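User: I would like a close look at a single part of this model, and then its wider setting. Please keep it brisk.

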Amino acid sequence: MPPSSRNPFQIHLMQPQRLHVQIHERIDDTGTLVNRVVDALAEHRQVTQVLVDMRNVNDWTETARVGLGTLQKLLARRQLRTAWIVGSGRTHGLARFIVVRAADSNAATFTSLSSAEEWLATHQGRVAQLLSKVDEPG
Amino acid sequence: MNIRKQMLNWTDAVLQWVPVARLRYDSRMFLRIMRVASWRNGFAVMRKLGDVRDGVCARYGNVLGNLVLAIAGLLNGCRYCGVGHLYAANLYYFQSTGKLLPIDERQTHQLQCMPFEELNDYIRDSLSDSEFAEMSRVMQRVLHLRLGNRPETAEDHEIEHVIDVWNFVNECTIPFGYDAKIEHLGPALSDPVPLDVIRRYQQARERTRK
């Protein structure tokens with residue numbers, strides 16, 4: 001039985017400094033998610049990066065969108081470098097809306113795990129990186 | 001002296017605005033670009049945006065050029081770009097052939113909800129007719145490159161640059177483009193299309209939606 005059928009969220013330590021948050025299928029109650037992330041961060045104080053994997057998300061409520069925004073603002077306050085991985089244009093829009101609204105240049109959206117990991121390993125801000133690529137043809 | 005300098009600055013700002021105004025995009029987008037890129041870099045970014053749009057349309061023509069921009073925008077979650085350029089591609093195609101493209105701009109939400117692999121299959125299947133072979137090839141290439149595949153050819157590098165520029169553009173459009181009402185969005189036309197063509201396109205498209 002896939003984990004998503006029991007629990008829409010999975011949180012675990014991926015590397016000593018990286019928290020991995022996996023979200024599955026439909027997002028509704030983000031209160032539980034936010035609380036669990038806060039608990040995990042309290043338990044693992046060495047964490048500096050958070051990877052939110054939304055590749056399996058296919059639906060969400062308006063409340064969930066607000067809740068995910070709250071989560072991003074919380075991560076921004078703690079100055080954690082955050083990468084959101086998405087699996088469709090719609091989830092990309094959601095993740096992007098969240099990071100832009102949170103005004104956190106330490107958070108960005110990606111369409112693959114490798115590009116997210118590449119970015120997490122650097123210190124460049126999202127907007128600075130996007131702007132630098134505008135000037136770099138091919 | 002200061003007044004003269006100030007006047008020159010204002011004149012410079014107005015002159016810089018001229019090539020930007022021809023892009024005919026939503027003014028909210030320009031304001032966001034200026035805010036995000038800073039007033040100093042904003043004009044340069046917008047000129048780059050215009051150059052990239054002109055370049056992709058010069059290379060592939062108005063139909064496929066706009067399809068490239070549409071897919072780049074909708075993969076980023078922006079309905080404003082997705083609908084605007086898909087609608088433009090449809091109008092240019094209808095204007096030159098009198099026929100409809102297999103992908104309707106009103107499908108933007110449906111396309112955005114598809115997982116990337118499914119979207120790739122959908123594009124391939126929808127454009128399977130030999131007439132659309134080039135469209136299918138280029139759109140699938142955009143999708144592959146957007147998903148992180150490395151560019152292999154000079155064409156790939158050009159497409160990747162379009163993707164990079166649109167990636168920044170969508171950073172600016174997402175606050176109003178993420179949830180925009182699809183039926184309220186118009187075409188992002190670089191070259192004007194006569195009103196009667198638009199009307200005939202809408203009538204023809206409406207018949208397929210029923």
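Is B:V193 buried or exposed, and how many other C-beta atoms lie within 10 Å?

Analyst: Neither extreme fits: B:V193 is partly exposed, because 16 other C-beta atoms lie within 10 Å. The classes are set as follows: 20 or more such atoms within 10 Å make a residue buried, 12 or fewer make it exposed, and anything in between is partly exposed, with C-beta atoms placed from the backbone.

This is a predicted model, in which local features need pLDDT of at least 70 and side-chain atom pairs count only at pLDDT 80 or more, while totals for chains, interfaces and linings use all residues. Residues are numbered from 1 along each chain as its sequence is written, and chains are lettered from A and ligands numbered from 1 in the order in which they are written.

B:V193 sits in the loop between α7 and α8 (195-209) of chain B. Helices (H or I, at least four residues) and strands (E, at least two) are DSSP runs numbered from the N terminus. Leaving out residues up to four places away in sequence, B:V193 touches B:L91, B:Q95 and B:I198. Contact here means C-beta atoms, placed from the backbone, within 7 Å. B:L91 is 102 residues away along the chain, yet its C-alpha atom is 7.4 Å from that of B:V193.

Now the chain around this loop. Chain B holds eight helices and zero strands. Of its contacts with a separation of 6 or more, 65% join residues 24 or more positions apart. Buried residues make up 42% of the 210 in chain B. The C-alpha atoms fill a box of roughly 65 × 45 × 30 Å along the principal axes. The radius of gyration of chain B is 18 Å, which agrees with the value near 17 Å for a compact globule, because the chain has 210 residues. That radius is taken over C-alpha atoms, and the globule rule is 2.2 Å times the number of residues to the power 0.38.

Next, the interface. Here 32 residues of chain B contact 22 residues of chain A. On the chain B side, α2 (27-75), α4 (108-113) and α7 (154-177) each supply at least two residues. The largest share, 12 residues, comes from α7(B). By type, the chain B side divides into 17 nonpolar, nine polar and six charged residues. Nonpolar covers Ala, Val, Leu, Ile, Met, Phe, Trp, Tyr, Cys and Pro; charged covers Asp, Glu, Lys and Arg; the others, Gly among them, are polar.

Chain A has an open sheet. Five strands run in the order β1-β2-β3-β4-β5 (chain A), with mixed pairing. Two strands pair if DSSP finds at least two bridges between them. The edge strands of chain A are β1 (9-15) and β5 (107-110), each paired on one side only. From one strand to the next, the twist averages 20°. Helix α3 (residues 89-101) of chain A packs on this sheet and touches β3 (49-60), β4 (81-86) and β5 of chain A; its direction makes about 170° with that of β5(A). Axes are lines fitted to C-alpha atoms, for helices over the stretch in contact, and angles run from 0 to 180 degrees between N-to-C directions.

At the sheet's edge, β1(A) and β2 (residues 18-27) of chain A pair antiparallel over six bridges. A:R18 in β2(A) is the bridge partner of A:Q15.

Last, α3(A) itself. In this helix, 12 of the 13 residues are buried, including A:L94, A:F97 and A:I98. After α3(A) comes A:A103, with a positive phi near 50°.

Notes:
Two residues are in contact if their C-beta atoms, placed from the backbone, lie within 7 Å.
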